[in-house]
2 protein chains.
Amino acid sequence: MACSIEIICVGTELLIGKTLNTNAHWLSKRITSLGGKVSRVTVVRDEVNEIASSVKETTRRKPRFLITVGGLGPTFDDKTLEGVAKALRCKLEIDDEALKMVEGKYRMYVEEGRMEKAELTPPRVKMAKLPEGGKPLPNPVGTAPSVIIDCEGTTLVALPGVPSEMMAIFEGSIAPILRQAAGDVTFFETSINVTGVVESEMAPIIDRVMHDNPYVYIKSHPKGSEMIPKIEFHLSTTAENSLVARKYISKALVQLSDMALKKGGKIKPVKAET
Amino acid sequence: MACSIEIICVGTELLIGKTLNTNAHWLSKRITSLGGKVSRVTVVRDEVNEIASSVKETTRRKPRFLITVGGLGPTFDDKTLEGVAKALRCKLEIDDEALKMVEGKYRMYVEEGRMEKAELTPPRVKMAKLPEGGKPLPNPVGTAPSVIIDCEGTTLVALPGVPSEMMAIFEGSIAPILRQAAGDVTFFETSINVTGVVESEMAPIIDRVMHDNPYVYIKSHPKGSEMIPKIEFHLSTTAENSLVARKYISKALVQLSDMALKKGGKIKPVKAET
């Protein structure tokens with residue numbers, strides 16, 4: 001049973017098309033590579049009720065982890081923790097450890113000559129207000145601490161939306177927990193291109209290969225132009241170790257290639273996307 | 001009252017981090033520019049139950065439109081319409097008009113010498129199976145028709161996931177309906193960069209400007225390096241015409257700039273992202 005994870009991205013900028021959601025992409029890729037299963041991504045606006053209702057709906061589905069991204073900063077539109085507190089029916093309280101983290105950051109900025117005053121103004125104190133029961137996680141890059149809190153079996157982690165901060169906290173504090181929760185599993189994937197056969201002719205082939213290789217997930221992505229049909233097949237699996245994972249994928253790949261060749265298709269490798 | 005729209009993206013490739021969700025980004029930007037309000041984006045796997053439950057949850061929130069993206073093709077993992085039918089408790093039926101669209105496409109491909117046989121194999125017929133009550137919309141680029149269906153006040157539109165097909169159907173069939181539903185409203189946005197002031201010092205300024213300009217949405221995006229604080233402020237509004245929209249934005253922009261200058265910040269224009 002895979003370790004299921006949901007992601008909630010908070011940010012109106014994502015829903016007006018100003019910002020491309022590279023955070024969800026990066027997290028999904030990273031979580032999958034650690035053996036976790038991202039079961040859903042939800043994107044909501046910077047509105048307390050929207051954040052609260054999406055958190056409530058998600059925790060009802062009982063994923064092992066819920067990661068929220070965005071809305072932790074000092075400004076009025078950073079409302080994620082307010083939304084989480086509303087969903088969990090608890091209060092936001094100044095957390096001493098979080099306040100020390102925030103204070104330490106501003107003192108460091110002053111020492112480095114980046115600003116004049118380290119005083120804890122209300123917007124700065126805001127970043128240290130956590131939902132009751134929440135623990136702060138250090139932010140090695142920015143100012144706002146991340147938060148981890150238990151929600152009846154789901155571990156909720158609130159990450160900031162600035163990509164460099166989100167990545168640093170994920171790698172430092174979350175990846176080790178996830179790796180342990182996912183157990184000893186490995187994700188492995190590969191792709192091939194088949195040209196000269198249209199997708200509707202490949203459909204029964206994929207059905208057959210999927211049937212014969214129950215551990216392998218195959219997805220077809222039509223990439224051709226009007227005149228030259230070209231389909232990318234992406235094969236992926238999660239297995240107990242990388243040797244087994246590669247064996248699963250190889251077997252399916254050989255069968256798929258053989259059947260595509262018999263239909264008159266040509267097989268080409270796909271350059272890895274990074 | 002803005003015309004609210006939810007988007008459901010169907011595709012396991014999005015949740016394993018193989019594919020970046022550029023479809024949601026493009027649609028959000030386009031819908032916003034037409035005066036619509038994207039209230040939520042949900043991304044689910046190619047699983048019938050996941051699709052069905054996300055459709056049910058969404059229609060319960062009663063947006064004016066629900067746009068699904070992906071999962072309309074001929075292969076076994078194209079399950080969107082099966083999920084929609086399950087959510088609406090109706091059957092999938094072969095639609096004569098949709099079947100003619102699919103048949104016509106394959107006949108054209110044969111005439112153009114792109115394939116040998118135009119016969120309607122089961123995977124091809126699959127693309128013409130619509131939820132009861134659904135109407136097919138022509139796909140000018142690919143083979144699978146799009147579908148439009150009423151769900152108790154929410155208009156559900158199922159678009160294919162191949163970006164060129166999704167965009168063509170949106171522009172041809174959906175944009176005109178949306179524009180009408182949104183009424184005569186215009187979306188207008190602009191950005192400025194403020195350097196030399198940290199976000200926590202700008203927070204009370206934004207609060208003030210937002211308070212004085214209730215129609216303008218302001219979002220701050222920290223973009224600075226460790227040593228040089230730089231924040232991009234994005235101002236946007238939806239108004240009855242472009243003159244009013246520009247007036248709203250200008251007024252807020254002047255106030256924000258004045259207050260940032262007084263804090264010792266420097267103002268710079270932002271190059272438009274496309």
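This report walks through the contact between chains A and B and the sheet that crosses it, in a model that is predicted.

## Where the chains meet

Let's start at the interface. Chain A brings 49 residues to the contact, and chain B brings 49 residues as well. On the chain A side, several elements supply at least two residues each: helix 1 (12-15), helix 2 (22-33), strand 2 (36-44), helix 6 (122-126), helix 8 (199-212), strand 10 (217-222) and strand 11 (230-239). Sorted by class, this side of chain A holds 21 nonpolar, 16 polar and twelve charged residues.

## Strand 2 against strand 2

What joins strand 2 of chain A to strand 2 of chain B? Five bridges do, and the two strands run antiparallel. Within this pairing, Thr42(A) faces its counterpart Thr42(B), while Val41(A) stands opposite Val43(B).

Strand 2 of chain A also has a partner within its own chain: eight bridges tie it to strand 1 (residues 3-10) of chain A, and here the strands run parallel. One of the pairs in this stretch is Cys3(A) with Gly36(A).

Is strand 2 of chain A largely enclosed or left open? Nine of its nine residues are buried, so the strand is largely enclosed by the rest of the structure.

## A sheet across both chains

Step back, and these strands turn out to belong to an open sheet of twelve strands with mixed pairing. Its order is 6(A)-7(A)-8(A)-3(A)-1(A)-2(A)-2(B)-1(B)-3(B)-8(B)-7(B)-6(B). At the edges are strand 6 (135-137) of chain A and strand 6 (135-137) of chain B, each of which pairs on one side only. From one strand to the next, the twist averages 20 degrees.

The chain B edge is worth a visit too. There, strand 6 pairs with strand 7 (residues 146-151) of chain B through three bridges, in the antiparallel sense. Lys135(B) sits opposite Ile148(B) of strand 7 in this pairing.

## Ile16(B), a loop residue at the contact

Finally, a look at a single residue. Ile16(B) lies in the loop between helix 1 (12-15) and helix 2 (22-33) of chain B. Why does Ile16(B) count as buried? It has 23 other C-beta atoms within 10 Å, and 20 or more are needed for a residue to be called buried.

Which residues does Ile16(B) touch, leaving aside those up to four places away in sequence? They are Ser28(A), Thr32(A) and Ser236(A). Within chain B, the C-alpha atoms of Ile16(B) and Arg45(B) are 9.4 Å apart, although 29 residues separate the two along the chain.

Key: Residues are numbered from 1 along each chain as its sequence is written. Chains are lettered from A and ligands numbered from 1 in the order in which they are written. This is a predicted model: local features need pLDDT of at least 70, side-chain atom pairs count only at pLDDT 80 or more; totals for chains, interfaces and linings use all residues. Two residues are in contact if their C-beta atoms, placed from the backbone, lie within 7 Å. Helices (H or I, at least four residues) and strands (E, at least two) are DSSP runs, numbered from the N terminus. Ala, Val, Leu, Ile, Met, Phe, Trp, Tyr, Cys and Pro count as nonpolar, Asp, Glu, Lys and Arg as charged, and the others, Gly among them, as polar. Two strands pair if DSSP finds at least two bridges between them. A residue is buried if 20 or more other C-beta atoms lie within 10 Å of its own, exposed if 12 or fewer, and partly exposed in between; C-beta atoms are placed from the backbone. Axes are lines fitted to C-alpha atoms, for helices over the stretch in contact, and angles run from 0 to 180 degrees between N-to-C directions.
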